[in-house]
Amino acid sequence: MAGRPTHNKRYILNSIFMAISVIVMCYMIVLSQTTNHKLLKSIYIFVAVFLLVFLLYIAYSIAYRMIFVDSFTLGKNATWVMTKCHPLAAKKKLGAYTSLFTNIKEFKYFNQRFGTSVADRILQLYSKQISLFVKQAKGFCGRLGGDNFFIVIPNEQFEFVIQYLKNTPIEITVDEQLYKLRIKARAGIYRFNADTDFKNLIFYSNIAFGYAKENFLDFVEFEPSMLTEYVREKKFVADIQRALKEDEYIPYYQPKVNVKTNTISGAEALVRWRRKGELIPPTEFIHALEKAGVIDEIDFRVFEKVCSDIRKWIDSGIEPVRISTNFSKLNLKNPDFIHRIIEIKDKYNIDGKYLEVELTESAGVTNFDVIQQFAQEIKAAGMSVAIDDFGTGYSSLSMLQTVLADVVKMDKSFLDNCFQDDGDGKQFIVDVITIVRHQNSEVLFEGVETLEQLEFLREYDCDTIQGFYFDEPLPHDVFQKRLLNPKY
């Protein structure tokens with residue numbers, strides 16, 4: 001983690017000087033009151049006043065450093081930048097400036113390559129260097145924390161500073177070896193206007209920075225639509241506890257169809273939010289809840305509803321099919337993840353053959369040992385494991401080999417690309433089906449929408465399909481009717 005606090009010798013020395021000064025000043029005051037010698041009294045009073053002024057100066061210096069100086073890099077902080085901008089805002093001169101919320105791209109690389117102590121030195125050098133550069137450009141730079149910085153620069157210096165941030169040279173000696181590094185930054189940009197609200201100096205550039213990071217971009221300028229989306233996401237996050245309490249998150253079931261028999265063989269439970277009577281699709285809220293780190297409770301709520309529905313179908317004499325439930329990658333960090341799944345399964349006394357847990361291949365999880373252990377425990381509990389969105393991540397084959405899933409779900413993009421190219425695209429799908437079946441896994445294709453796609457997959461021995469050709473995601477009652485009439 002970048003930017004661990006360090007002890008500042010100046011604070012220690014200042015504290016010592018203040019303590020000594022207070023003792024001496026008090027002693028001078030006492031002496032001035034006890035002596036009758038006018039000259040000595042004057043000297044004692046002069047020394048006491050001098051020490052009082054010295055104490056006030058030291059106190060001001062400490063307060064200034066606490067408020068405006070970053071204790072780790074010893075450069076200025078964002079509060080200092082805001083203080084510099086305040087008179088510009090008061091005089092309606094902010095329109096001549098642009099703000100940047102910036103950080104170092106892939107700073108963790110330096111931690112991994114050199115270790116944390118050297119990475120900290122790199123951050124300190126970087127802070128000093130860009131602060132000096134921005135100062136020469138007649139701007140202001142302050143550290144926000146970690147490897148994040150807030151910069152305000154005159155518009156005429158904008159391109160000049162941006163080019164420097166794209167490729168900042170840093171030299172550092174490690175174990176007597178000189179390294180010449182090139183540090184690249186990512187930034188959110190907000191161009192002020194004369195009426196810019198002073199309170200929003202950092203806010204808008206921070207929103208643009210979040211957009212840049214989320215979309216793997218380097219430099220992004222703020223647009224009003226980003227604020228609209230930001231506010232919408234925050235409303236979703238703020239509403240989550242009420243929605244959970246009022247049971248607004250519900251599963252819709254999209255059937256999975258056996259290619260050979262045209263019979264429903266399973267289904268995927270897809271979350272929907274019935275928010276105050278309005279049905280909100282997952283594309284509008286899932287990402288917001290994932291970013292806020294609160295999606296796990298939604299996942300478990302949907303899983304519990306699935307188990308409850310299966311229990312009711314069994315009790316009423318309706319034979320269920322295997323239902324798969326998606327869990328966010330964030331759940332893998334929870335040591336109680338597997339235990340909660342089994343606990344809910346046992347609560348409703350569900351046979352594991354009716355349950356399947358989907359792990360998203362594109363989730364970016366590279367710790368395959370964790371995924372493998374999770375899959376083994378799921379299988380030990382009698383449930384199935386599916387790899388979702390196979391083919392969308394860089395680690396597809398590694399995950400396929402490691403997890404040994406019961407089902408591999410091929411992403412919709414396979415079919416979309418395949419039918420744009422009648423040659424190599426179709427052959428590639430055939431090859432992938434062969435590889436997956438070699439792993440003794442069931443092959444499922446998502447996004448099947450046409451008869452041509454269905455016949456192609458049937459010809460090349462695909463097991464199961466899922467898509468609008470047969471059914472869209474169905475609410476509980478409609479899906480129940482499909483269970484009673486499983487043949488398409």
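Q: Which four residues touch the most other members of the largest nonpolar core, which has 73 residues?
A: This is a predicted model, in which local features need pLDDT of at least 70 and side-chain atom pairs count only at pLDDT 80 or more, while totals for chains, interfaces and linings use all residues. Residues are numbered from 1 along each chain as its sequence is written, and side-chain values use heavy atoms, without hydrogens and water. A nonpolar core joins buried Ala, Val, Leu, Ile, Met, Phe, Trp, Tyr and Cys residues through side-chain atoms within 4.5 Å. Among the 73 members here, those touching the most others are Tyr 249, Ile 341, Phe 445 and Phe 479.

Q: Which helix gives the most residues to this core?
A: Helices are DSSP runs of H or I of at least four residues and strands are runs of E of at least two, numbered from the N terminus. With nine residues, the element that gives the most to this core is helix H11 (residues 295-315).

Q: What aromatic or charged partners does Tyr 249 touch?
A: Contact here means heavy atoms within 4.5 Å, and residues up to four places away in sequence are not counted. The partners of Tyr 249 include Ile 240, Ala 243, Leu 244, Val 271, Leu 289 and Ile 298. Also among them are Trp 273, Phe 285, Arg 272, Arg 301 and Lys 305.

Q: How many residues does another core, lying apart from the largest one, contain?
A: Tyr 126, Ile 162, Ile 170 and Leu 181 are among the members of this other core. The number of residues in it is 33.

Q: How many disulfides does a search of the whole structure find?
A: A disulfide is a pair of cysteine sulfur atoms within 2.5 Å. The search of the whole structure gives a count of zero.

Q: Which cysteine has the sulfur nearest to that of Cys 85?
A: Cys 85 is in no disulfide. Its relative accessible area is 0%, so Cys 85 is buried (under 20%, with a 1.4 Å probe and protein chains only; exposed is over 50%, partly exposed in between). Cys 307 also counts as buried, at 0% relative accessibility. The nearest cysteine sulfur to Cys 85 is 12 Å away and belongs to Cys 141.

Q: Which strands each supply at least two residues of the lining of the second largest cavity?
A: Two cavities of 30 Å³ or more are found (sets of points on a 1 Å grid over the protein atoms alone where a 1.4 Å probe fits but cannot get out). The second largest has a volume of about 50 Å³ (the space filled by probe spheres set on the points, which are joined across faces, edges and corners). Its lining (residues with an atom within 4 Å of a point) includes Lys 256, Arg 322, Glu 356 and Thr 464. The strands that each supply at least two lining residues are S9 (263-275) and S15 (442-446).

How values were computed:
1 Å grid on protein atoms, 1.4 Å probe; cavity = no way out; pocket = protein on both sides within 12 Å on 5 of 7 lines; lining within 4 Å.
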